[in-house]
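I opened the model to look up a metal site, the cysteines and one sheet. My entries follow in the order of the look-ups.

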Amino acid sequence: MAKTTPNHTQAVSGWAALDSSGKITPYIFNRRENGVNDVTIKILYCGICHTDLHYAKNDWGITMYPVIPGHEITGIVVEVGSNVSNFKTGDKVGVGCMSASCLQCESCKSSEENYCDKVQFTYNGVFWDGSITYGGYSKMLVADYRFVVAVPDNLAMDRAAPLLCAGVTVFCPMKDNNLIGSARQNIGVIGLGGLGHLAIKFAKAFGHHVTVISTSLSKEK
Ligand SMILES: [Zn+2]
Ligand SMILES: [Zn+2]
């Protein structure tokens with residue numbers, strides 16, 4: 001079992017890569033107890049992001065094994081800490097790529113924690129208590145409420161999961177460039193893959209004309 005800090009008493013089953021072979025295997029590990037700022041989530045779905053494969057195989061040379069990938073997580077709240085007022089038991093929620101940040105810098109204060117120098121990821125990160133973070137290829141997650149989002153009732157939980165990394169990655173540039181609720185524009189999407197197909201759906205939903213640029217003729221239709 002992985003070594004964790006003393007208050008990590010909750011045994012959870014998940015899937016871990018133990019080395020760079022690319023295999024993931026069943027793995028039991030511990031998560032922290034639900035703290036005052038925490039939300040405990042029973043995980044229902046977790047998307048598979050290509051980043052998960054990079055970490056599993058140590059493609060970037062920074063993987064801390066065992067690594068439990070998964071940062072497109074949706075599930076149901078089963079416990080909330082005493083400081084948490086925006087979530088309650090039974091709520092449908094999601095967790096994306098981040099588990100912690102400094103909460104004080106310019107980026108954090110403008111809801112751009114992803115640009116924080118101290119941002120920590122949902123897995124292969126180091127949480128505030130010094131423990132290594134483990135991701136969503138598991139049954140349960142304890143997350144700080146500031147890194148948990150609500151999933152609306154009209155959005156299926158399995159479909160919501162990929163929006164938490166792939167979706168937000170293409171949604172943000174559209175939002176930042178005022179393409180939501182704006183006049184119809186021509187938008188080019190380079191590559192029709194995991195991110196590209198979501199970019200097309202967003203752009204179309206926002207009323208724009210979309211052109212896909214691809215080198216794969218098979219994707220023309
Ligand atoms: Zn991702
Ligand atoms: Zn910060």
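Before reading the spacing of donors, I fixed the term: a donor is an N, O or S atom within 2.8 Å of the metal, with a longer limit of 3.2 Å for Na, K and Ca. I also noted that this is a predicted model.

Entry 1, zinc site. I looked up which atoms of the protein serve as donors to the zinc ion (ligand 2). They are the SG atoms of Cys102, Cys105, Cys108 and Cys116, at 2.3 to 2.4 Å from the ion. Along the sequence, I read the spacing of these donor residues as C-x2-C-x2-C-x7-C. Cys102 and Cys116 link distant parts of the chain, 14 residues apart. I found Cys102 in the loop between strand S6 (98-100) and helix H2 (106-109), and Cys116 in the loop between H2 and strand S7 (120-121).

Entry 2, geometry. Why is the arrangement around the zinc ion (ligand 2) called tetrahedral? The four donor atoms subtend angles of 105 to 115°, and the rule asks that all angles lie between 85 and 135 degrees. For reference, I wrote down that the ideal angle for four tetrahedral donors is 109.5 degrees.

Entry 3, exposure of two donors. I checked whether Cys102 and Cys116 are buried or exposed. Cys102 is partly exposed at a relative accessible area of 22%, and Cys116 is buried at 5%. The cut-off I applied for buried is under 20%.

Entry 4, disulfides. I counted the disulfides and got zero. The cut-off is a pair of cysteine sulfur atoms within 2.5 Å. I then took Cys172 as a case: the closest cysteine sulfur to its own is that of Cys97, 11 Å away, so the two are too far apart for a bond. Cys172 is partly exposed, with 34% relative accessibility.

Entry 5, sheet. I traced an open sheet of five strands, in the order S8-S3-S4-S5-S9, with antiparallel pairing. Strand S8 (140-144) and strand S9 (149-150) are at the edges; each has a single partner strand, so one side of each has no neighbour in the sheet. S3 and S8 pair over five bridges, in the antiparallel sense. One bridge I looked up joins Val39 to Ala143 in S8.

Entry 6, Thr40. I located this residue in strand S3 (residues 38-46). Thr40 is buried, at a relative accessible area of 3%. What does Thr40 contact, leaving aside neighbours within four places in sequence? I listed Asn34, Ile76, Val77, Val78, Glu79, Met140, Leu141 and Val142.

Note on methods: Residues are numbered from 1 along each chain as its sequence is written. Chains are lettered from A and ligands numbered from 1 in the order in which they are written. This is a predicted model: local features need pLDDT of at least 70, side-chain atom pairs count only at pLDDT 80 or more; totals for chains, interfaces and linings use all residues. Side-chain values use heavy atoms; hydrogens and water are left out. Four donors count as tetrahedral if all angles lie between 85 and 135 degrees; four count as square planar and six as octahedral if opposite donors are over 155 degrees apart and all others between 65 and 115; anything else is irregular. Helices (H or I, at least four residues) and strands (E, at least two) are DSSP runs, numbered from the N terminus. Buried means under 20% relative accessible area, exposed over 50%, partly exposed in between (1.4 Å probe, protein chains only). Contact means heavy atoms within 4.5 Å. Two strands pair if DSSP finds at least two bridges between them.
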